[in-house]
Amino acid sequence: MTIIRYTPWLEIDTLERQLNHMFNEVLAPNSLAKSNNYSTYPAAELIETKEALLLKLEVPGMQPSEIEIEATAKSISLKGNRQSEIEDYESKTTLSEFRYGSFQREISLPRRIKNTEINGEFKDGILHLTLPKADEEINKVIKVNLPE
């Protein structure tokens, strides 16, 4: 009978490799773009000014009518479906990192907004939304009491 020395670091290394493999499968676009089931969130940028929140979303290859937007006082919800332009799948694709399929995203906002006064513009594949802040957020004054 052979005696094998127990090395706990070997198990930790194995666990680390498995976790790295799992995260690489989720985050690596090359491995997931090969499957047609891949969907992703559109990239977003949120900028806060004194009067409003400015939200930009990347949605290339889509028309404004293909994106469903819903707004509450504290969040913006987006839904859409990006279809492939290639109808004949028999043709050979050498490389494709484009992402197709449905997406759904809800963005929590740091401030309350007037969800009935949102303005939007769609330009060059970027959706620009201007979300005016609610009046109580703009005029919020807090009295600071200092200890004596």
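## Working through Glu48 and its surroundings

With a relative accessibility of 40%, Glu48 counts as partly exposed, a class lying between buried (under 20% relative accessible area) and exposed (over 50%), with a 1.4 Å probe and protein chains only. Glu48 is a handy starting point for the exercises below.

This is a predicted model, in which local features need pLDDT of at least 70 and side-chain atom pairs count only at pLDDT 80 or more, while totals for chains, interfaces and linings use all residues. Residues are numbered from 1 along each chain as its sequence is written, and side-chain values use heavy atoms, leaving out hydrogens and water.

### Exercise 1: The salt bridges of Glu48

Which residues are linked with Glu48 in a network of salt bridges?

*Step 1.* Set the criterion: a side-chain nitrogen of Lys or Arg must lie within 4 Å of a carboxyl oxygen of Asp or Glu. Under this rule, five salt bridges are counted.

*Step 2.* Look for Arg111: the closest N and O atoms of Glu48 and Arg111 are 3.2 Å apart, which makes a salt bridge. Glu48 sits in strand 1 and Arg111 in the loop between strand 5 and strand 6, so this pair ties together parts that are 63 residues apart in sequence. Arg111 is partly exposed, at 33% relative accessible area.

*Step 3.* Now look for Lys133: here the closest N and O atoms of the salt bridge with Glu48 are 2.8 Å apart. Since Lys133 belongs to the loop between strand 7 and helix 3 (135-138), and Glu48 to strand 1, the pair ties together parts that are 85 residues apart in sequence. Lys133 is buried, with a relative accessible area of 7%.

*Result.* Glu48, Arg111 and Lys133 are joined in a network of salt bridges.

### Exercise 2: Another salt bridge

What is the N to O distance between the side chains of Lys114 and Glu117?

*Step 1.* Find the two side chains; they meet in a salt bridge at 4.0 Å, N to O.

*Step 2.* Check accessibility: Lys114 is partly exposed at 24%, and Glu117 is partly exposed too, at 43%.

### Exercise 3: Assemble the sheets

Work out the strand order of each open sheet.

*Step 1.* List the elements. The protein chain has three helices and seven strands, taken as DSSP runs (H or I of at least four residues for helices, E of at least two for strands) and numbered from the N terminus. Along the sequence the pattern reads α-α-β-β-β-β-β-β-β-α.

*Step 2.* Pair the strands, asking DSSP for at least two bridges between two partners. Strand 1 and strand 2 run antiparallel and share five bridges; they form a hairpin with three residues between them, and Glu45 is opposite Lys56 in strand 2. Strand 6 and strand 7 are likewise antiparallel, joined by five bridges, with Leu127 of strand 7 as the bridge partner of Phe122.

*Step 3.* Write down the four-stranded sheet: it is open, antiparallel and ordered 1-2-7-6. Strand 1 (44-48) and strand 6 (119-123) are its edges, each pairing on one side only.

*Step 4.* Turn to the remaining sheet. Five bridges connect the antiparallel strand 3 and strand 4, and Glu68 faces Lys79 in strand 4. The order of this open sheet of three strands is 3-4-5, again with antiparallel pairing. Strand 3 (67-71) and strand 5 are edge strands with a single partner strand each, so one side of each has no neighbour in the sheet.

### Exercise 4: Find the core

Which residues touch the most other members of the largest nonpolar core?

*Step 1.* Build the set: take buried Ala, Val, Leu, Ile, Met, Phe, Trp, Tyr and Cys residues and join them through side-chain atoms within 4.5 Å. Of the 148 residues in the protein chain, 21% are buried.

*Step 2.* Rank the members. The largest core has 15 residues, and Leu55, Ile76, Leu78, Leu109 and Leu131 touch the most other members. At least two core residues come from each of strand 2 (52-58), strand 4 (75-82), strand 5 (101-108) and strand 7 (126-132).

*Step 3.* Zoom in on Leu109, using contacts (heavy atoms within 4.5 Å). Leaving aside residues up to four places away in sequence, Leu109 touches Leu46, Leu53, Lys74, Ser75, Ile76 and Leu131.

*Step 4.* Place this in the whole chain: of the contacts between residues at least 6 apart in sequence, 58% join residues at least 24 apart.
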